[in-house]
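Here's a quick tour of a small set of coordinates, written for someone who likes to poke at the details. Have a look at the model first, then read on.

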Amino acid sequence: MAKSPKNADRRMRPCPICSKLSTPEHYPFCSDRCAKVDLNRWFSEGYTIPVVETDDLEDREDRED
């Protein structure tokens with residue numbers, strides 16, 4: 001596979017899954033396996049941000065007035 005100019009300027013970084021150096025073919029991952037592990041984490045909602053629901057708090061404040 002020939003490198004495109006876009007890929008030639010990329011710095012190799014540690015893989016976010018296993019910390020090995022990434023490869024141009026699977027950037028930002030080091031292998032197809034690590035890319036699939038990451039995709040599975042997205043599908044299983046492993047990457048979530050905890051959220052505090054504020055709708056109930058606003059309703060309580062309105063009732064107290």
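## How far to trust it

This is a predicted model, and the protein chain comes out with an average pLDDT of 82, with 71% of the residues scoring at least 70. The confidence isn't spread evenly: helix H1 (residues 5–8) sits at the bottom with a mean of 56, while helix H2 (residues 32–43) tops the list at 96. Where pLDDT is low, the predicted coordinates should not be read in detail. With its mean of 56, helix H1 is the place to keep that in mind.

## The overall layout

What does the protein chain use for secondary structure? Three helices and zero strands, so if you follow the sequence along, the pattern reads α-α-α. Helix H3 covers 55–64.

As for packing, buried residues account for 9% of the 65 residues in the protein chain. Take the contacts with a sequence separation of 6 or more: 5% of them join residues 24 or more positions apart. The protein chain exposes about 6000 Å², and 51% of that area comes from carbon and sulfur atoms.

## The loop between H1 and H2

Ser22 is part of the loop between H1 and H2. Is Ser22 buried or exposed? Its relative accessibility is 5%, so Ser22 counts as buried, the cut-off being under 20%. Leaving aside residues up to four places away in sequence, Ser22 touches Met12, Arg13, Cys15, Tyr27, Pro28, Phe29 and Cys30.

Two backbone oddities turn up in this loop. Pro28, one of the neighbors of Ser22, lies in the loop between H1 and H2, and the peptide bond leading into Pro28 from Tyr27 is cis, with omega near 10 degrees. Ser19 is in the loop between H1 and H2 too, and has a phi near 70 degrees, a positive value in a residue other than glycine. Most residues other than glycine have a negative phi, and most peptide bonds are trans. Unlike the buried Ser22, Ser19 counts as exposed, at 56% relative accessibility.

## Cysteines that don't pair up

How many disulfides does the structure hold? Zero. A disulfide is a covalent bond between the sulfur atoms of two cysteines. For Cys18, the closest cysteine sulfur belongs to Cys30 and is 3.4 Å away, which is too far for a bond because the cut-off is within 2.5 Å. Cys34 is in no disulfide either; its nearest cysteine sulfur is also that of Cys30, at 3.7 Å.

The surroundings of Cys18 and Cys34 vary. Cys34 is buried, with a relative accessible area of 2%, whereas Cys18 is partly exposed at 33%.

## Helix H2 and its salt bridge

A search of the whole structure gives one salt bridge. Which residues form it? Asp32 pairs with Lys36, and their closest N and O atoms are 3.1 Å apart. Both Asp32 and Lys36 belong to helix H2, four residues from each other, about one turn of the helix. Lys36 is exposed, with a relative accessible area of 54%, while Asp32 counts as partly exposed at 39%.

Arg41 is in helix H2 as well. At 35% relative accessibility, Arg41 counts as partly exposed. Setting aside residues up to four places away in sequence, Arg41 touches Ile17, Gly46 and Tyr47.

## A nonpolar patch, and the turn after H2

Which residues make the nonpolar surface patch? Leu39, Trp42, Phe43 and Tyr47 do, and the patch is about 480 Å². Leu39 is in helix H2 and counts as partly exposed, at 41% relative accessibility. Tyr47 links this patch to Arg41, which touches Tyr47.

Past H2, Glu45 is found in the loop between H2 and helix H3. Glu45 isn't a glycine, yet has a positive phi of about 60 degrees. At 60% relative accessibility, Glu45 counts as exposed.

How values were computed
Residues are numbered from 1 along each chain as its sequence is written. This is a predicted model: local features need pLDDT of at least 70, side-chain atom pairs count only at pLDDT 80 or more; totals for chains, interfaces and linings use all residues. Side-chain values use heavy atoms; hydrogens and water are left out. pLDDT is the predictor's confidence in each residue, from 0 to 100. Buried means under 20% relative accessible area, exposed over 50%, partly exposed in between (1.4 Å probe, protein chains only). Contact means heavy atoms within 4.5 Å. A salt bridge is a side-chain nitrogen of Lys or Arg within 4 Å of a carboxyl oxygen of Asp or Glu. Accessible areas come from the Shrake-Rupley method with a 1.4 Å probe; for residues, only the protein chains shown count as cover. Patches are made of residues with over 30% relative accessible area and no salt bridge: like charges are joined within 9 Å, nonpolar side chains (Val, Leu, Ile, Met, Phe, Trp, Tyr) within 5 Å.
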